[in-house]
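Subject: Structure for you to look at, with notes

Dear colleague,

Please find below the structure I promised to pass on to you. I would be grateful if you could read the notes with the model open beside them.

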Amino acid sequence: MEVKVFLVSNGKMKNQCYLIYDHQMGILIDPAWDYELINNFLLENQIILKGILLTHSHPDHVNLAPIFAADYGVPVYMSAAEIEAYNFSCLNLVPVQHLEEIVIGDFVINPLVTPGHTLGSTCYQIGSHCFTGDTVFIEGVGECKSIKAAELLFDSIQFFRNYLPKYALIWPGHSFGITTGKDMDYLLSNNLYFQIDQKEMFISFRMRKNRPNPLAFH
Ligand SMILES: [Fe+2]
């Protein structure tokens with residue numbers, strides 16, 4: 001199973017979207033912004049697209065989902081919670097539940113619904129890989145719009161930390177300087193948010209007002 005990272009952007013917005021592939025079959029995670037870059041890779045490597053996984057409904061994560069869904073006639077997965085909370089719609093949309101196994105060809109996908117950044121944000125565990133969208137970054141965790149959201153995120157991070165093995169490779173939707181694909185062991189000792197085990201402290205740190213910019217974590 002190979003992971004291909006696509007660095008895509010739209011002005012200031014920089015995303016990492018992913019293709020996981022094996023035996024010429026592939027699944028896209030959060031395809032956005034650069035159709036040609038992604039599609040050329042599929043064509044050049046003769047990879048047949050089998051499905052699309054969406055971690056959440058923000059435009060920089062879903063922008064190309066309807067186009068790939070139409071071109072390849074494949075299902076698009078998103079958590080039922082996210083679809084419901086934001087009234088999200090997309091061609092071939094399939095709602096999924098927390099830990100409800102999705103089987104596509106040889107791929108077995110385990111959706112981990114980890115609310116916080118959005119109400120239905122989902123990470124997808126596939127073998128030893130985990131695609132985390134804006135829930136977990138290598139350097140930190142996703143932005144929260146409210147105290148309640150930060151509370152949800154704390155619970156999600158505790159689940160994530162306990163659930164994933166230390167060797168799991170983490171592939172977030174953005175990089176803030178460190179190459180993605182680090183393992184959980186790395187995050188456990190380097191990502192500050194995994195070291196805060198008190199909910200109140202986590203919330204006040206995540207929601208602090210004195211960050212130099214909204215993307216700063218420390
Ligand atoms: Fe987001």
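The notes below go through two sheets, a helix, a strand and a loop residue.

This is a predicted model, in which local features need pLDDT of at least 70 and side-chain atom pairs count only at pLDDT 80 or more, while totals for chains, interfaces and linings use all residues. Residues are numbered from 1 along each chain as its sequence is written.

To begin with one sheet, six strands form an open sheet in the order E1-E2-E3-E4-E5-E6, with mixed pairing; helices (H or I, at least four residues) and strands (E, at least two) are DSSP runs, numbered from the N terminus, and two strands pair if DSSP finds at least two bridges between them. Strand E1 (2-10) and E6 stand at the edges with a single partner strand each, so one side of each is left without a neighbour in the sheet. On average, neighbouring strands of this sheet are turned by 25 degrees against each other, direction ignored. E5 and E6 run parallel and are joined by four bridges, and Ser 79 stands opposite Val 96 in E6.

Helix H1 (residues 35-44) packs on this sheet, where it touches E1, strand E2 (13-22), E3 and E4, and its direction makes about 155 degrees with that of E1. Here contact between two residues means that their C-beta atoms, placed from the backbone, lie within 7 Å, and axes are lines fitted to C-alpha atoms, for helices over the stretch in contact, with angles running from 0 to 180 degrees between N-to-C directions.

Helix H3 lies across E3, E4 and E5, and runs at about 145 degrees to E4. Which residues of H3 (residues 65-72) are buried? They are Ala 65, Phe 68 and Ala 69, where buried means that 20 or more other C-beta atoms lie within 10 Å of a residue's own, exposed that 12 or fewer do, and partly exposed anything in between, with C-beta atoms placed from the backbone. Seen down the axis of H3, these buried residues fall within an arc of 105 degrees (the arc of the directions from the helix axis to the C-beta atoms), so they line one face of the helix. They pack against strand E3 (25-29), strand E4 (48-53), helix H2 (59-62) and strand E5 (76-79). Just after H3, Gly 73 takes a positive phi of about 60 degrees.

Leu 91 sits in the loop between helix H4 (80-86) and strand E6 (93-96), and is partly exposed, with 14 other C-beta atoms within 10 Å. Not counting residues up to four places away in sequence, Leu 91 touches Pro 66, Ala 69, Ala 70 and Val 76.

Another open sheet of six strands has the order E7-E8-E9-E10-E11-E12, again with mixed pairing, and its edge strands, E7 (102-104) and E12 (182-183), each pair on one side only. Within this sheet, all five residues of strand E9 (residues 122-126) are buried, with Thr 122, Tyr 124 and Ile 126 on one side and Cys 123 and Gln 125 on the other. E9 pairs in the antiparallel sense with strand E8 (residues 107-113) over five bridges, and Ile 109 stands opposite Ile 126 in E9. E9 also pairs in the antiparallel sense with strand E10 (residues 129-133), over three bridges; the two form a hairpin with two residues between them, and Gly 127 in the turn has a positive phi of about 55 degrees.

With best wishes
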